[in-house]
Amino acid sequence: MPSEPAFGALCALGAALAWSVTSLLARTLMTHYGSVTINAMRSGIAGALLVACVAVVDGPAVLIAMSGTTFLVLVVSIVAAIGVGDTVFFESTRAIGLGWAMTIATTYPIGAAVLAAALYGERITTPIAAGTLLTLGGVALIVSMRTDARPERLWFGVGAAVVASIAWAVSTVMMKMPLHEIEPLTAQAIRLPLASALLWLTPWARGAGTALRRAGRGPLVRMAVLSVITAASSVLFVA
């Protein structure tokens, strides 16, 4: 059995690999659906899968056995992560391409490390600082390359990716407190259905039913695969 830090690192690597696949799948679906529809669908299906897993493993009672404060933090964190972060990230991939968008948005661990140091007293060690500089150097190198995006789409796409990075950083740091009370699987089984419900209530989800009917079987299959990977990656990340 690996040590806790080693286990955490393996989970993080697994989540990163899964995110790469989900980003590619979501990019192919954006010709058929809007980013809000994609997020609402994948969050709902993934959430249903995780709720079923929790019900089988621990019993449904654990889904409501938490304090009101923990539930509120889970709600705010998922609004930041999926309602804001994922939605604007998918829009940035449409504007500037997956390579640029993912490179910029995945600087969020830097923001999360700074917030964790400020709020929880976590240490920013020399390896973390060196890794931060290396990450920022890589971002600068990739962003300095030419892109075919029009200037107005370029600035929109870069801005959207930055907003996604900030939203993901805030959501990540907010999860620290609830995980002292509940397990990662339970946390995500609560967060993802909430995210889906909130997204379906937004005006940007209107017309989703028509889009789903018109797209055909192929996109729906990709949506199903995306949802399963989302369920796995969300638990890996929180773990």
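At what angle do α1 and α10 pack, and how far apart are their axes? That's where I'd like to start today. One caution before the answer: this is a predicted model.

Okay, so the angle between α1 and α10 is about 155°, and their axes sit 9 Å apart. Anything over 145 degrees counts as roughly antiparallel, so that's what we call this pair. As for handedness, α1 and α10 make a left-handed crossing.

Who's touching whom? On the α1 side, the contact includes C11, G14, A15, A18 and W19, and on the α10 side you'll find, among others, P219, R222, M223, V225 and L226. Sorted by class, the contact of α1 with α10 comes to 14 nonpolar, five polar and one charged residues.

Let's stay with α10 for a moment. Helix α10 covers residues 217–238, which is 22 residues. From first C-alpha to last, α10 reaches 32 Å, close to the 32 Å you'd expect at 1.5 Å a residue. Several of its residues are buried, including P219, M223, L226, T230 and V238. And α1 isn't the whole story here: the buried residues of α10 pack against α1, α2, α8 and α9.

Since α2 just came up, here's one residue from there. T37 is in helix α2, which runs over residues 35–57. Is T37 buried or exposed? With a relative accessible area of 5%, T37 is buried. Setting aside neighbours within four places in sequence, T37 is in contact with W204, A205 and A208.

That's my tour, thanks for listening.

Key. Residues numbered from 1 in each chain as written. Predicted model: local features only at pLDDT ≥ 70, side-chain atom pairs only at ≥ 80, totals over all residues. Heavy atoms only, no water. Helix = DSSP H or I, 4+ residues; strand = E, 2+ residues; numbered from the N terminus. Buried < 20%, exposed > 50% of the residue type's maximum accessible area, 1.4 Å probe, protein only. Contact = heavy atoms within 4.5 Å. Expected span 1.5 Å × (residues − 1). Axes fitted to C-alpha atoms, helices over the stretch in contact; angles between N-to-C directions. Parallel < 35°, antiparallel > 145°, perpendicular 65-115°, else oblique. Left-handed = near helix turned anticlockwise from the far one by under 90°. Nonpolar A, V, L, I, M, F, W, Y, C, P; charged D, E, K, R; others polar.
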